[in-house]
Amino acid sequence: MAELMYISGFGNECASEDPRCPGSLPEGQNNPQVCPYNLYAEQLSGSAFTCPRSTNKRSWLYRILPSVSHKPFESIDQGHVTHNWDEVGPDPNQLRWKPFEIPKSSQKKVDFVSGLHTLCGAGDIRSNNGLAIHIFLCNTSMENRCFYNSDGDFLIVPQKGKLLIYTEFGKMLVQPNEICVIQRGMRFSIDVFEETRGYILEVYGVHFELPDLGPIGANGLANPRDFLIPVAWYEDRQVPGGYTVINKYQGKLFASKQHVSPFNVVAWHGNYTPYKYNLENFMVINSVAFDHADPSIFTVLTAKSVRPGVAIADFVIFPPRWGVADKTFRPPYYHRNCMSEFMGLIKGHYEAKQGGFLPGGGSLHSAMTPHGPDADCFEKASKAKLAPERIADGTMAFMFESSLNLAVTKWGLQTSNCLDENYYKCWEPLKSHFTPNSRKPAGLN
Ligand SMILES: [Fe+2]
C-alpha cells in the first residue's frame, strides 16, 4: 500500500483535491451553477449554522453523486449496540475487565460495525448530551458497507491491529498507539488485517477540542500540527449487489442500499473533517520538584460541557516519561473523584497495577468510588529510592474521564464474561502503618 498523505493541523480550514482531477474545487464560491467535472456540491454541517466562528464547523464536498441517492433506511439487528442505560441496575463498585475476547475469524466473520459492543454510557441521545464507551472486536474488513453516526463523534483507540479507514475525505491508516476521530455524520468503512480490538469514546452533540493550556503557554501537550487530516480520494465504483450504508440514529442501527460507493468525493474544503493523532507526539508535562500535578495534565482532547472546566469527556493518556519528584509517593495518588474514570491499556503495564489490568481490558472507577495503587505498589513505592527513573516505557494507558455517571450495560457486566470478580482483592492486603507515638516514618526515605 502506497504511503498515505495527510494535511497537518487541528481544526484548520483545509482544501483538498484528488490529484486525478485538478481544479475540481470551485474557485471563489461554493455552489457554482455547474461544478467542475460536473460534480455535485454537498455541505456537511457539524455545527449549527449560527455558531460563533470559533465553534462553527462545516465542510463542502464535491462528489460524483450526492449522499441522498439511496433506498430508504430500514431497521437492522442492533447486535450489542445500545443506549439503554437501565438494562441492569447501577453498581458503585470498582470494576475491572479482563481483555475483551476477539472472535476468531475461523469461527465467525465479524466486521467493525457488527463488532461494536457498548460497555457503558450516560445521558440522552435525543437531547445531544452524553456519551457512550464502546469496545470493538472484529476480524474482517467491512465489505461494501460503510457506517455513519447521527448521534455523535467517535474517538477510536485501536489496541490490537491497524485500521485502514476509508472516509469521504480520504484514507487514514491508524495503528495502535494512534487515535482517530470521526465526527458526526461522516461516512467511513474500515479494513482490518488481523483479529482486531479497540476502544471508542462516543460523545453526543459536542466535538473534541484541544484543552486550553493556561499558564503552560502556547505549546505543549498535544500540539496542533501533529493532528493529521486525510487528503481527497475518490472511487467511481458501481456496486451491482448494492452498497450498504449503516446509520446509527437515536442509538439504533439502520441500513440502506445504494448502487455506488459512498467514497466518491473528488474534492472537499472546510474545517469539519476526520483526523488522526500519534500518541507518541504528546509533549508530557509533570512535576519536576515534588508532588503530583493532577492527571488533567495528560489531557489530549476534551469534549466540553456547558459548565466551564467540566467535560462531557476528556481523553487522557499516561505516556512514557521521567519520574523525578523528590520526597514524593510517585505512583498515582489514592483518589475519590466526582468524575467517572474509565481506563484502558493499549500496551505494556500500568504503573499503579502490575497485574490484572491488561492490554485490551479496562477498568471503571465511578463517581466517588475510591481507587488507587494496589497494596504491592504502595509498599514498593513507599520504600523506593527516589532517583530519576523512566516511567511507563513501552506502555500506553489511557482514560476516558466524564462528568456524567456512567451506567454499565448488560454486555459489560454479564454477557462479555470478562468482568474480574476479584478486582477488589488487590487492595485487601493494604495494612495500617500508623505509628501514633512517632511522627517520623520508620524505614522510609
Ligand atoms: Fe482517579
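**A friendly note on a two-domain predicted model**

1. A good place to start: the centres of domain 1 and domain 2, taken over C-alpha atoms, are separated by 27 Å. Domain 1 covers 7–279 and domain 2 covers 283–419, with bounds that come from an automatic or database domain assignment. This is a predicted model, in which local features need pLDDT of at least 70 and side-chain atom pairs count only at pLDDT 80 or more, while totals for chains, interfaces and linings use all residues. Residues are numbered from 1 along each chain as its sequence is written.

2. How do the two domains meet? The contact takes 48 residues from domain 1 and 47 residues from domain 2; two residues are in contact if their C-beta atoms, placed from the backbone, lie within 7 Å. On the side of domain 1 that touches domain 2, the elements giving two or more residues are strands E6 (95–97), E7 (116–124), E8 (129–138), E10 (152–160) and E15 (196–204). Strands, labelled E, are DSSP runs of at least two residues, and helices, labelled H or I, are runs of at least four, numbered from the N terminus. E7 provides the largest share of this side, seven residues. By class, the side has 27 nonpolar, 13 polar and eight charged residues. Here Ala, Val, Leu, Ile, Met, Phe, Trp, Tyr, Cys and Pro count as nonpolar, Asp, Glu, Lys and Arg as charged, and the others, Gly among them, as polar.

3. For a residue to look up, try Trp85, placed in the loop between strand E5 (74–75) and E6. Is Trp85 buried or exposed? Trp85 is buried, because 21 other C-beta atoms lie within 10 Å. The cut-offs are 20 or more other C-beta atoms within 10 Å for buried, 12 or fewer for exposed, and partly exposed in between, with C-beta atoms placed from the backbone. Leaving aside neighbours within four places in sequence, Trp85 is in contact with Gly121, Ala122 and Ala407.

4. The UniProt record (unreviewed entry) places the feature "domain: Homogentisate 1,2-dioxygenase N-terminal" at residues 5–279. UniProt positions follow the numbering used here, feature names are shortened, and annotations may be inferred rather than shown by experiment. The end C-alpha atoms of residues 5–279 lie 19 Å apart, and the span is 0% helix and 44% strand.

5. The same record (unreviewed entry) places a "binding site" at His335, Glu341 and His371. These residues are spread over 37 residues of sequence yet cluster in space, with a largest C-alpha distance of 10.9 Å. His335 lies in the loop between strand E23 (321–323) and strand E24 (340–347), and counts as partly exposed because it has 14 C-beta neighbours inside 10 Å. Not counting residues up to four places away in sequence, His335 touches His371 and Gly372. Glu341 is found in strand E24 and is buried, with 21 other C-beta atoms within 10 Å. Leaving aside neighbours within four places in sequence, Glu341 is in contact with His365, Met399 and Glu401.

6. Next, the sheet. Six strands form an open sheet in the order E6-E25-E24-E27-E22-E21, with antiparallel pairing; two strands pair if DSSP finds at least two bridges between them. The edge strands are E6 and E21 (299–304), each pairing on one side only. At the E6 edge, E6 and E25 (residues 362–365) pair over three bridges in the antiparallel sense, and the bridge partner of Arg96 in E25 is Ser363.

7. How many residues of E21 are buried? Six of the six are, so E21 is largely enclosed by the rest of the structure. Five bridges join E21 to the antiparallel strand E22 (residues 311–318), where Val316 stands opposite Thr299. E21 and E22 form a hairpin with six residues between them, and Gly309 in the turn has a positive phi of about 80 degrees.

8. Two backbone details are worth a look. Asp291, in the loop between strand E20 (275–278) and E21, has a positive phi near 65 degrees, although this residue is not a glycine. Asp291 counts as exposed because it has 12 C-beta neighbours inside 10 Å. Ala392, in the loop between strand E26 (389–391) and strand E27 (396–402), has a positive phi of about 70 degrees and is not a glycine either. With 18 C-beta neighbours inside 10 Å, Ala392 counts as partly exposed.
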